[in-house]
Every structure is written in C-alpha cells, then in structure tokens.
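Me: I would like a close look at a single part of this structure. Please take one strand together with its neighbours, and explain your terms as you go.

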Amino acid sequence: MADEQDLRWMRAALSMARRAVGRTAPNPAVGCVIVKGGVALGRGFTQPSGRPHAETVALAQAEALFGPGAARGADVYVTLEPCAHHGRTPPCADALAAAGVARVVCAAGDPDPRVDGRGFARLREAGVAVETGVLAAEAEAMNAGFLSRHRRGRPWLTLKLATSLDGRIATASGDSKWITGEAARARVHLMRAEHDAILAGIGTVRADDPALDVRLPGMADRSPLPVVFDPRLTLAAATRLGSGARPALVLHLPVGAPDGPEAHRETEMRERGLTLQAIPPAPGGGGGPALLDPRAALEALAEAGITRAFCEGGGRLAGALLAAGLVDELALFSGGAAIGAEGLPALGPLGLGRLAEAARLRCVETRRLGPDALSLWRPDHA
C-alpha cells in the first residue's frame with residue numbers, strides 16, 4: 001500500500017496530467033514530478049501534439065533549476081508507464097535511467113504494444129526501483145480515451161444532451177436557443193476542449209449551422225476536430241463546417257458510380273479542403289446518420305488518432321450510438337423549460353419492443369450549473 005508521501009506526489013503528477021487532456025492525441029496525457037529530499041525538482045506534462053513527453057519536460061526543468069545531474073537519486077512520480085520505443089521522441093525510460101533516478105513510482109501501465117511492460121523492464125534492468133499501481137484508477141480515468149483506443153479499437157465516447165424538463169431539445173419549429181443558461185453552455189465548451197473530436201449529424205448541421213468550437217477566453221486553440229456524419233455528401237459550402245475554412249472530417253457512405261452525382265460532390269468537397277472518409281452502411285439500414293455503421297465510424301476515428309470523441313449533434317445520431325452500446329458517458333444538461341409533446345425529442349428511434357431492451361446507465365455525478373443541472377451517466381462497461 002502506498003504511503004502518504006507517494007500519494008501526495010502522485011496526486012501532484014495527476015494534476016499536471018490534467019492540463020494536457022484533449023491536447024495530446026494520439027498520445028496519452030501524462031504528468032510527471034521529480035522529487036528529492038521532499039522537494040519537487042521538476043514538473044512536466046505531455047505537450048500539445050504529444051511531444052515532448054512529461055518525463056523529459058520534468059527532467060529538463062530539474063536540470064534548468066538545479067543544475068546538471070539534479071535528478072540523480074531522485075524519486076519520479078509519473079501517471080503512465082514511461083515509453084520504451086523510439087517514435088518522434090527517444091524512450092523516456094532510457095532518459096530516466098540515464099539521469100540516474102533511484103525510483104520510479106507509476107500509476108498505470110501503457111497498453112500500447114510498443115510499451116506494455118517494456119518501459120518498466122528497461123528501468124529495472126538499469127537498476128531503477130519501480131513501483132506501480134499508485135492511484136491507478138484515477139490515472140486510467142484520465143486517460144480513458146487513450147486506453148479505449150488501444151484496448152477496444154475506438155475512442156472513448158461522451159454523448160452530450162441538453163434538454164428541457166420533458167426531454168425535448170427544441171420546439172416543433174426547431175427553436176432551441178437557449179434551453180440551458182450561460183453556466184451550462186460554458187461547461188459544454190470546457191468539455192469540448194477535453195476531447196479530440198466533436199460529432200454532429202448532417203441534419204443538425206443543416207438546421208443550426210454550428211461552429212462546434214471552443215469559445216472560452218484563452219482557449220480558442222483547444223477546439224476539437226469537427227466530424228460530420230453525412231451519408232450522402234450533402235454538406236453545403238455555405239455552412240461553417242462545410243466552407244473548408246476550418247479542418248473538418250466528413251464521414252459518408254461509399255460512393256457509387258465514378259460519374260454519378262455523389263462522386264462529383266466528393267470531388268468538390270475535397271477541393272474545399274474537407275477530409276472525407278467512407279464508412280460502411282449500418283446493419284439493417286436506417287435513416288439519416290444511422291445509415292452509417294456507428295461502430296465502424298468510431299473505429300475509423302481511432303485509426304485517425306482520435307482518442308476522445310464528444311457527440312452533441314442530433315437525436316438520430318445520439319440514438320444510433322446509444323442503441324449500438326457505444327456511449328461511454330452521457331452528459332445530460334437539464335434546463336428548467338417545459339416544451340411539450342410537439343417538441344423534438346432528445347433521442348431518435350431506438351426500435352425497442354420491451355423495456356428490458358432499453359439501454360441502462362447509472363448516475364455517477366450531479367451538479368448544479370446556475371439554474372440548470374448536469375448529470376453524468378455511465379453504462380456498466382465504462
């Protein structure tokens with residue numbers, strides 16, 4: 001069992017890692033603290049785009065502040081197993097060993113097949129003491145997307161719904177501004193910043209022309225990649241996501257005849273600067289975004305390096321993802337308005353015959369946001 005000092009410094013490393021969430025894909029968000037004599041010599045977290053890594057940042061800071069060789073004999077607290085392979089940066093396990101650290105305390109292992117125990121082995125071979133499992137659950141929760149990509153072949157998926165008291169997302173005419181207040185909307189933007197991609201169905205893009213960006217002071221560079229589920233390639237150039245002014249990924253059904261209208265639209269959309277990815281059709285068909293196989297769509301995102309996806313666009317897309325068992329967390333923002341049965345429902349058709357067939361989630365957190373409420377729900381698998 002970890003002692004209080006190990007817990008204290010691992011919490012500090014987790015705090016550092018939190019700063020990197022949503023900015024490091026396809027790499028994990030890692031935090032590192034180097035300690036000697038009860039003093040933190042260096043701190044670091046994974047930098048944007050995944051490099052340099054947390055350990056090398058912390059080692060560099062320790063040397064800059066305390067001189068060459070400062071880390072010799074130190075304890076290192078790191079939230080994920082140090083890498084053991086040459087990628088865009090040299091192995092962190094080798095860097096720690098070369099610095100002469102005495103002990104590495106790590107929260108969780110790295111399932112990347114290029115690492116997966118090799119980092120620990122290299123440290124032990126170099127004579128460095130290694131302890132693992134300190135605050136492992138907290139570290140794995142922080143890197144749920146990275147772990148999901150390697151263990152399940154798809155990103156961690158958060159489904160966001162903003163509904164009235166009676167579960168509606170808009171009036172019958174489509175008016176939805178605003179069901180929730182400023183505090184709730186600011187929270188949504190913060191959640192966007194913690195994800196690599198934000199998903200929307202083509203129906204929502206047509207109706208609302210959303211920007212799907214982060215509009216919080218000082219966080220404009222934290223906007224995730226917009227991903228539009230557009231089976232028939234109908235995303236118009238006049239929309240903010242279709243103009244090509246901002247990188248966006250369009251998921252669509254495979255294009256038919258090379259001289260057909262969809263092939264021409266595909267060419268025209270690529271010329272606008274959009275990235276297109278063909279996705280096979282959903283088993284059994286369906287309408288709107290459900291025409292695309294939702295599991296195959298998420299697997300394609302994982303192949304593109306996406307680790308955390310945030311869906312907030314369209315009841316039909318939300319229903320398709322929920323029905324397929326792909327939702328890892330549902331963030332339900334509830335506003336105090338009552339819209340009535342004629343309003344638009346939060347979820348599209350799920351095709352349920354019996355209540356026993358309904359997806360079941362458990363509430364893991366609730367909080368008040370001004371006049372509104374946020375509840376977080378997770379299935380048993382998450």
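Reply: What follows is a description of strand 10, its partners and a few backbone features elsewhere.

This is a predicted model, in which local features need pLDDT of at least 70 and side-chain atom pairs count only at pLDDT 80 or more, while totals for chains, interfaces and linings use all residues. Residues are numbered from 1 along each chain as its sequence is written, and side-chain values use heavy atoms, with hydrogens and water left out.

Strand 10 covers residues 249–252; helices (H or I, at least four residues) and strands (E, at least two) are DSSP runs numbered from the N terminus. In a regular strand the side chains alternate between the two faces of the sheet. Here Leu-249 and Leu-251 lie on one side, Val-250 and His-252 on the other, and all are buried, a term for under 20% relative accessible area with a 1.4 Å probe and protein chains only.

Strand 10 pairs in the parallel sense with strand 9 (residues 225–229) over three bridges, where pairing requires that DSSP finds at least two bridges between two strands; Leu-249 is the bridge partner of Val-227. Strand 10 also pairs in the parallel sense with strand 11 (residues 275–278), over four bridges, and there Leu-276 is the bridge partner of Val-250.

In the loop between strand 9 and strand 10 sits Leu-233, which has a positive phi of about 55 degrees although it is not a glycine, and which is buried at 1% relative accessibility. Leu-212, in the loop between helix 8 (202–208) and strand 9, likewise has a positive phi, near 50 degrees, and is buried with a relative accessible area of 3%.

Terms used: Buried means under 20% relative accessible area, exposed over 50%, partly exposed in between (1.4 Å probe, protein chains only).
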